[in-house]
Amino acid sequence: MGTAAWVVEEPRGTFRKIELAHTVLRANHVRVRIAAAGVNPLDTKIRAGKAEHAKQPLPAVLGLDMAGIVEKIGTGVTAFKPGDEVYGMVGGVGGLQGALAQAVDADADLLAHKPTNLSMREAAALPLVVITSWEALMDQAKVHEGQSVLIHAGTGGVGHVAVQIARAHGAKVFATVSEGKRAIVEGFGATAIDYRAASVAEYVKAHTVGGTTLDASFVAVKPYTGRVVSALGWGTHSLAPLSFRSATYSGVFTLMPLLAGGGRAHHGWILAQAAALAEAGKLKPLLSHEQFSPTNIDEACARVESGSLGKVVIEM
């Protein structure tokens with residue numbers, strides 16, 4: 001017995017259905033029957049051969065995020081039992097099998113119980129963006145009640161979740177958006193800033209927040225107590241403006257536990273906290289009404305790669 005999976009064999013290759021044989025379930029692992037798998041921009045970069053940091057050589061089964069039902073547990077697993085609904089960022093990098101399959105053997109530390117008020121499709125949209133947002137806001141920036149937080153691209157994949165997490169922890173949130181998306185972040189309780197209508201200097205003066213890019217954020221961050229956190233710190237940047245303000249910068253590399261093995265239980269813990277927020281009505285993913293299945297994975301990935309959809313979910 002095995003499981004169906006969809007593999008990419010070369011950069012920008014099409015997805016091909018294959019049969020993967022089940023291996024012996026390892027200790028502290030669970031076998032999950034996948035109901036829905038997320039496709040993130042990072043997944044499309046891996047498919048295109050443009051994400052060396054993800055260490056996922058092709059051919060490979062891609063897909064970081066999933067939600068599904070536990071079928072079987074390995075030795076040492078106590079947090080889950082067969083029949084439990086779970087979600088997590090379980091593979092698709094570092095040589096690990098991804099979520100574009102009917103089943104996956106996942107490290108139990110990477111999983112949490114699915115939010116009871118979200119569908120499988122909604123839950124599968126959350127893991128990568130939730131973990132990235134949490135590590136940036138809570139682990140690095142230590143966001144708490146009364147702080148002012150600026151989130152760039154407030155309706156983006158990470159951005160819209162970061163807005164909700166910051167608001168749930170009592171921060172006053174400002175989010176840069178285009179005018180047409182103002183209502184979305186305002187619905188989350190944030191102040192919308194139309195980045196096309198105001199310069200950095202203008203909205204810093206009006207709202208006392210940071211800049212529109214990483215470099216501009218270094219210039220605009222609050223002296224002494226300000227923090228700049230980025231998950232996209234690629235390129236070369238001058239730290240002098242940050243130093244002159246005695247402020248701090250830190251980066252987030254969400255894939256590290258999947259690639260290196262350590263810290264996986266923290267990912268599961270973050271997802272458990274996110275599930276609690278979702279069940280309290282404080283966190284909900286933005287998803288397109290369009291639905292995708294394994295028959296049109298190529299189209300789904302093309303939509304994400306083009307930017308017309310920030311993320312899609314494949315219902316397996």
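This passage describes the overall make-up of a predicted protein model, then one of its helices and one of its sheets.

The protein has 316 residues, of which 49% count as buried, and its secondary structure comes to 11 helices and 14 strands. Among contacts between residues at least 6 apart in sequence, 66% join residues that are at least 24 apart. The area exposed by the protein is about 14300 Å², and carbon and sulfur atoms supply 55% of that area.

Helix α3 covers residues 127-140, and its 14 residues should span 20 Å at 1.5 Å a residue, which agrees with the 18 Å that separates its end C-alpha atoms. The helix carries a kink of about 30 degrees, centred on Trp 134, and Trp 134 is itself one of the buried residues of α3, which also include Pro 127, Leu 128, Glu 135 and Met 138. Because 12 of the 14 residues of α3 are buried, this helix is largely enclosed by the rest of the structure. After α3 comes Lys 142, for which phi is positive, near 55 degrees.

An open sheet is formed by 3 strands in the order β2-β1-β4, with antiparallel pairing. Strands β2 (15-21) and β4 (60-61) stand at the edges of this sheet, and each has a single partner strand, so one side of each is left without a neighbour in the sheet. Strand β1, residues 2-8, pairs with β2 in the antiparallel sense over 7 bridges, and Ala 4 stands opposite Glu 19 of β2. In general, the strands of a sheet pair through backbone hydrogen bonds, in either a parallel or an antiparallel manner.

How values were computed. Residues are numbered from 1 along each chain as its sequence is written. This is a predicted model: local features need pLDDT of at least 70, side-chain atom pairs count only at pLDDT 80 or more; totals for chains, interfaces and linings use all residues. Side-chain values use heavy atoms; hydrogens and water are left out. Helices (H or I, at least four residues) and strands (E, at least two) are DSSP runs, numbered from the N terminus. Buried means under 20% relative accessible area, exposed over 50%, partly exposed in between (1.4 Å probe, protein chains only). Contact means heavy atoms within 4.5 Å. Accessible areas come from the Shrake-Rupley method with a 1.4 Å probe; for residues, only the protein chains shown count as cover. The expected span of a helix is 1.5 Å times one less than its number of residues. The bend at a residue is the angle between axes fitted to the seven residues ending there and the seven starting there. Two strands pair if DSSP finds at least two bridges between them.
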